[in-house]
Amino acid sequence: ETDRLGAIDLGGGHARLAVLPRGGALGETSEITVDLRDGAEAVLERCIEEIRSLAQGQTLAGIGVALPGPVDPATHGVVSPSRMPGWAGRDIAALVERLTGAPAVVENDANAMALGEHFARTPHADSSVTVKAGTAIGSGIVIGGSVYRGAGGVAGDITHTRVAAAHQFPCSCGNLGCLETVSSGAALVRLLQNEGVEVATTQEVLSLVRDGHPRATALAPRSVIAYDQGV
């Protein structure tokens, strides 16, 4: 019986893929560019093709999928996705199982990260909160060792919280003044572009920060800089 697991971490414009032993450390990973607007089937087919390449013919015992939107644990699908047209109402776990023949578990990316951080870094804590800052901003709340989802499964989805500093900036979700418009990776890209800096992705912003670019360093939250440097 195989003890290898596949992992798919979907972001706003990319996906990170890995195959790792059950309970073991993360080894080789791969990153591909994706467009969530292509729909669930097309995006996941590309991810699974890359997973198969990493698995090198080994049968997988299961696959975990982290999605950049609220996930309903009962339907294994995305709830009211703001940047994922065609994903709502789809049973993502069933789709992955059909494409791979392996059982699948689906979770919101911030919740998945929060569970990992909770048990890896604070094993004796009863509860914890983990903030995930990427293209958007999310958080995962763990209480008593389990994810707290709240009403509609969006307890930690802080990216669309209205904040005064955002004024009336339009957000990708269609509303105005969301936290995402001033504090996310996408916001840093926009702010740097407005100042004439040639940058297109959050990863490029981090590259500028690592290189000591003065405006990127000034704009990037210090917590993001510390995390990127492994502090």
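A charge counts as sitting over a ring if NZ of Lys or CZ of Arg is within 6 Å of the ring centre and within 35 degrees of the ring normal. In this predicted model, Arg-190 fits that description, lying over the face of Phe-169 at 5.0 Å from the ring centre. Pairs of aromatic rings are another story, as the count of these comes to zero.

On to the sheet. Strands of a sheet pair through backbone hydrogen bonds, either parallel or antiparallel. Here five strands make up an open sheet with mixed pairing, and reading across it gives the order S3-S2-S1-S4-S7. Strand S3 (29-33) and S7 take the edges with a single partner strand each, so one side of each has no neighbour in the sheet. On average, neighbouring strands of this sheet are turned by 15° against each other, direction ignored. Within the sheet, strand S1 (residues 4-10) and strand S2 (residues 14-21) run antiparallel and are joined by seven bridges. One helix comes in here too: H1 lies across S1, S2 and S3, and runs at about 35° to S2.

The S1 and S2 pairing also leads to the charged side chains. Asp-9 has Arg-16 in S2 as its bridge partner, and Asp-9 and Arg-16 turn up again, together with Glu-31, in a network of salt bridges. Side chains of opposite charge can pair when their charged atoms come close. In total, the structure holds nine salt bridges.

Several of these salt bridges tie together parts of the chain that are distant in sequence. Take Glu-41 and Arg-98, whose side chains meet with N to O at 2.7 Å. Glu-41 belongs to helix H1 (residues 40-55) and Arg-98 to helix H2 (residues 92-100), which puts the partners 57 residues apart. Arg-98 is exposed, at a relative accessible area of 54%; Glu-41, at 28%, counts as partly exposed.

A salt bridge also reaches the edge strand S7. Glu-107 pairs with Arg-149, and the closest N and O atoms are again 2.7 Å apart. Glu-107 is in strand S7 (residues 104-108), whereas Arg-149 is in the loop between strand S10 (146-147) and helix H4 (180-183), 42 residues away. With a relative accessible area of 12%, Glu-107 is buried because the cut-off for that class is under 20%. Arg-149, at 22%, is partly exposed.

Asp-109 and Lys-132 make a further salt bridge, with 3.6 Å between the closest N and O atoms. This pair joins helix H3 (residues 109-121), home of Asp-109, to strand S8 (residues 127-133), home of Lys-132, across 23 residues. Asp-109 is buried at 11% relative accessible area, while Lys-132 is partly exposed at 24%.

Finally, a look at the backbone. Most residues other than glycine have a negative phi, and most peptide bonds are trans. Gln-56 goes against that, with a positive phi of about 50° although it is not a glycine. Gln-56 is found in the loop between H1 and strand S4 (62-67), where its relative accessible area of 67% makes it exposed. His-76, also not a glycine, has a positive phi of about 60°. The loop between strand S5 (71-72) and strand S6 (77-78) holds His-76, which is partly exposed with a relative accessible area of 31%.

Methods. Residues are numbered from 1 along each chain as its sequence is written. This is a predicted model: local features need pLDDT of at least 70, side-chain atom pairs count only at pLDDT 80 or more; totals for chains, interfaces and linings use all residues. Side-chain values use heavy atoms; hydrogens and water are left out. A salt bridge is a side-chain nitrogen of Lys or Arg within 4 Å of a carboxyl oxygen of Asp or Glu. Helices (H or I, at least four residues) and strands (E, at least two) are DSSP runs, numbered from the N terminus. Buried means under 20% relative accessible area, exposed over 50%, partly exposed in between (1.4 Å probe, protein chains only). Rings of Phe, Tyr and Trp (its six-membered ring) pair if their centres lie within 6.5 Å; planes under 30 degrees apart count as stacked, over 60 as edge-to-face and the rest as tilted. Two strands pair if DSSP finds at least two bridges between them. Axes are lines fitted to C-alpha atoms, for helices over the stretch in contact, and angles run from 0 to 180 degrees between N-to-C directions. Contact means heavy atoms within 4.5 Å.
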